[in-house]
Amino acid sequence: MYTSKITGLGYYVPENVVTNDDLSKLMDTNDAWIQERTGIKERRHIKKGDGNSTSVMAVKASTIALERANLKPKDIDMIVFATLSPDMYFPGGGVEVQEAMGMRTIPALDVRNQCSGFVYALSVADQFVKTGMYKNILVIGSENHSGGLDFTTRSRNVTVIFGDGAGAAVVSRNETGKGGILSTHLHSEGKHKNELSLKGPSTEYWVPQIIAENLRKGQTDQQENIPYYPVMNGQFVFKHAIVRFSEVIKEGLEANNLEVKDIDMLIPHQANLRISQFVQHKLKLTDDQVFNNIQKYGNTTAASIPIALTEAWEEGKIKEGDLVVLAAFGSGFTWGSAIIRW
Ligand code: UT7
């Protein structure tokens with residue numbers, strides 16, 4: 001049995017900065033509300049014509065991660081790609097990265113667990129490395145939210161929180177035998193699937209059906225009836241998030257005979273700064289033990305943990321031997337944690 005280790009990290013965000021004031025020109029919202037409820041000051045959005053897409057951003061983040069891992073695309077044995085916003089309905093983003101980076105005909109697996117996507121993807125990679133089947137796996141979280149959000153007041157509770165970006169990690173066989181990914185812990189509770197969801201396009205809402213339905217109703221605005229935009233029961237999600245985050249962090253620590261005080265760096269999925277602060281307070285962690293960057297990027301779903309992990313590492317906040325905890329919660333509901341000795 002082998003162990004796995006993160007050997008390279010990278011992230012990419014589009015250059016286009018969208019401030020809260022920018023959003024307030026499109027819908028009835030304001031900087032004070034957004035900052036007070038979410039901590040977000042700005043986010044990045046792909047700009048029409050800038051060449052970015054979910055898979056393009058994924059390739060940019062992955063190129064950096066590979067360089068830092070001292071590996072070439074041909075060295076990668078598998079891709080695990082987490083996103084809720086793939087360039088195409090099918091196939092998924094994994095094959096796009098395989099092709100764009102000129103990789104061998106390696107497996108490309110797509111993970112669709114939304115905000116928990118990166119932790120799920122990391123867990124999959126960890127299992128494949130542990131069994132000895134693969135040596136180097138590229139794990140990606142990338143999202144193009146701005147392409148699919150409703151920029152009118154009716155969706156303001158959802159639209160203001162999301163941003164675009166990508167993060168990537170190379171998960172390799174741990175040749176040192178020291179540390180690495182100690183364990184991962186994954187959960188789901190599908191009874192809450194409607195509380196944060198996007199229903200179309202799907203086999204329930206195919207385009208011909210939508211057109212027929214609108215013709216029958218004499219509607220011209222499809223969006224009034226057809227769920228093509230994400231919906232969220234914000235307070236319900238918030239309440240579950242704070243419970244599950246704390247639970248799954250403790251579960252991971254207990255599995256390794258560790259305690260909250262042993263955490264050197266907690267990287268929570270950047271859902272809402274208030275959620276991170278609540279969890280920090282509940283676990284009695286200091287400011288130095290928790291990393292947040294939602295203020296700059298908003299909630300980038302599957303990309304948020306690898307972006308934050310990369311930034312924390314670049315800023316020298318994660319050092320060899322540190323205990324790093326990743327934790328996520330989101331649509332599904334799904335949630336998870338990863339306990340890593342760096
Ligand atoms: O990442 C995956 C998991 N997602 C999450 O964890 C998100 C969890 N939820 C949240 O972060 C928060 O619930 C939100 C930030 C989405 C919303 O904050 P909230 O404090 O729960 O607000 P609310 O939805 O209860 O709305 C409160 C009021 C409402 O007005 P009334 O009915 O009290 O008059 C909303 O219409 O705030 C209004 N509102 C806004 N006002 C200005 C909602 N969105 C906005 C907005 N700007 N963007």
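This passage describes how the ligand sits in the protein and what surrounds the ligand there. The model is predicted.

A good place to start is the site itself. The ligand takes up the space of the second largest pocket. Two parts of the protein meet the ligand here: domain 1 (4-173) and domain 2 (180-194 + 230-341) both give residues to the surrounding shell, so the ligand lies between them.

The shell is made up of 21 residues, and the closest to the ligand are Thr29, Arg37, Gln235, Asn272 and Asn299. By character, the shell residues divide into 10 nonpolar, nine polar and two charged. Several elements of secondary structure take part. At least two shell residues each come from α2 (31-38), α6 (156-159), α8 (234-255) and β12 (323-330). Of the elements that contribute, α8 gives the largest share, with four residues.

Turning to individual contacts, Arg37, already named among the closest residues, places a polar side-chain atom 2.7 Å from an oxygen atom of the ligand. For Asn272, an N or O atom of the side chain is likewise 2.7 Å from a ligand oxygen atom. Trp33 also takes part, with a polar side-chain atom 3.2 Å from an oxygen atom of the ligand. Overall, the ligand on its own has 940 Å² of accessible area, and the protein covers 74% of that area.

Methods:
Residues are numbered from 1 along each chain as its sequence is written. This is a predicted model: local features need pLDDT of at least 70, side-chain atom pairs count only at pLDDT 80 or more; totals for chains, interfaces and linings use all residues. Side-chain values use heavy atoms; hydrogens and water are left out. A residue is near a molecule or strand if one of its heavy atoms lies within 4 Å of it. A polar contact is a pair of N or O atoms within 3.5 Å; within protein, one must be able to donate a hydrogen and the other to accept it, and residues adjacent in sequence count only if both atoms are side-chain atoms. Accessible areas come from the Shrake-Rupley method with a 1.4 Å probe; for residues, only the protein chains shown count as cover. On a 1 Å grid over the protein atoms alone, a cavity is a set of points where a 1.4 Å probe fits but cannot get out, and a pocket is an open set with protein on both sides within 12 Å along at least five of seven lines; lining residues have an atom within 4 Å of a point. A molecule sits in a cavity or pocket if more than half of its atoms lie within 2 Å of its grid points. Ala, Val, Leu, Ile, Met, Phe, Trp, Tyr, Cys and Pro count as nonpolar, Asp, Glu, Lys and Arg as charged, and the others, Gly among them, as polar. Domain bounds come from an automatic or database domain assignment.
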